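This report describes the fold, the packing and the confidence of a single protein chain. The sequence and the structure are shown first.

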Amino acid sequence: MTTALWIVGGVLGLFLLLGLVQLAVVRWARRRAERIVASDYAGCALHRIDPLANQFGRRSRGLLQVRGNGLLLLLDDRIAFHPLARGENWEIPLERILGLSDPRVFLGKTYLRPLLAIRFRDDEGEEDEAAWAVRDPEGWRRDIEARRV
């Protein structure tokens, strides 16, 4: 009986530890987002922000990309993404957006809920697409469409 209690206690302790780590990561990401917004976007009108958007990649870069969390912003004239880990910050001007969709699969990566997918023209004028898992993809699509008009 005591072995079973130790196992149950160990499993519960592990879940508690994982929850605390997740809470610490979320708090760190929010503070990082606040610093980026204050330094890079001071004076800009922010319409939406997701400090832990999960980016599924860009179609032009192929299937072997790794997903990554980062800061996704909707401003008056563009969408900006800042990855949490190493990687390049990049922006999509709203006038280059060709369409929005809500797939559950993007570049072979599956998600149980709809994604925010944006089809756009890159800096060279080529068509590309990127997708993110965000908390309210329908709200993001609605707000992006409202800014594009």
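A residue counts as buried when its relative accessible area is under 20%, and as exposed when that area is over 50%. With a relative accessible area of 4%, A33 is therefore buried. The coordinates discussed here belong to a predicted model.

**Confidence and overall form**

The mean pLDDT of the chain is 87, and 99% of its residues reach 70 or more. Helix α1 (residues 2-40) has the lowest confidence in the chain, with a mean of 79, whereas β8 has the highest, at 97.

The chain contains 2 helices and 9 strands. Along the sequence their order is α-β-β-β-β-β-β-β-β-β-α. The radius of gyration is 18 Å, well over the 15 Å that the globule rule gives for 149 residues, so the chain is more spread out than a compact globule. Taken along the principal axes, the C-alpha atoms fill a box of roughly 65 × 35 × 30 Å.

Buried residues account for 38% of the 149 residues. The chain exposes about 9,200 Å², of which carbon and sulfur atoms supply 57%. Among contacts between residues at least 6 apart in sequence, 52% join residues at least 24 apart.

**The two helices**

The table sets out the span of each helix.

| Helix | Number of residues | Expected span | Distance between end C-alpha atoms |
|---|---|---|---|
| α1 | 39 residues | 57 Å | 56 Å |
| α2 (residues 137-148) | 12 residues | 16 Å | 16 Å |

For α1, the end-to-end distance agrees with the span expected at 1.5 Å a residue. The distance for α2 likewise agrees with its expected span.

The buried residues of α1 are A29, R32, A33, I36 and V37. An α-helix has 3.6 residues a turn, so residues three or four places apart point the same way. The buried residues of α1 pack against β1, β2 and β3.

In α2, the buried residues are P137, G139, W140, R141 and I144. Their cover includes β1 (46-58), β2 (68-75), β3 (78-83), β5 (97-101) and β8 (116-121).

**Nonpolar cores**

The largest nonpolar core has 17 residues, of which L72, I79, I92, I118, W132 and I144 touch the most other members. Two or more residues come from each of β2, β3, β4 (90-93), β8, β9 (127-133) and α2. The greatest contribution to this core is that of β8, with 3 residues.

Which residues does W132 touch, not counting those up to four places away in sequence? They are A53, N54, Q55, L72, F81, W90, I92, L115, L116 and I118. Among these, L72, I92 and I118 are also listed with W132 as core residues that touch the most other members.

Apart from the largest core lies another, of 8 residues, among them A33, I36, V37 and L73.

**The setting of A33**

A33 has its place in helix α1. Leaving aside residues up to four places away in sequence, A33 touches P51 and L71. A33 and H82 are 49 residues apart along the chain, yet their C-alpha atoms are separated by 8.8 Å. A33 thus brings together two aspects of the model: A33 is one of the buried residues of α1, and A33 is also a member of the core of 8 residues.

Technical notes
Residues are numbered from 1 along each chain as its sequence is written. This is a predicted model: local features need pLDDT of at least 70, side-chain atom pairs count only at pLDDT 80 or more; totals for chains, interfaces and linings use all residues. Side-chain values use heavy atoms; hydrogens and water are left out. Helices (H or I, at least four residues) and strands (E, at least two) are DSSP runs, numbered from the N terminus. The expected span of a helix is 1.5 Å times one less than its number of residues. Buried means under 20% relative accessible area, exposed over 50%, partly exposed in between (1.4 Å probe, protein chains only). Contact means heavy atoms within 4.5 Å. pLDDT is the predictor's confidence in each residue, from 0 to 100. The radius of gyration is taken over C-alpha atoms; the globule rule is 2.2 Å times the number of residues to the power 0.38. Accessible areas come from the Shrake-Rupley method with a 1.4 Å probe; for residues, only the protein chains shown count as cover. A nonpolar core is a set of buried Ala, Val, Leu, Ile, Met, Phe, Trp, Tyr and Cys residues joined through side-chain atoms within 4.5 Å.
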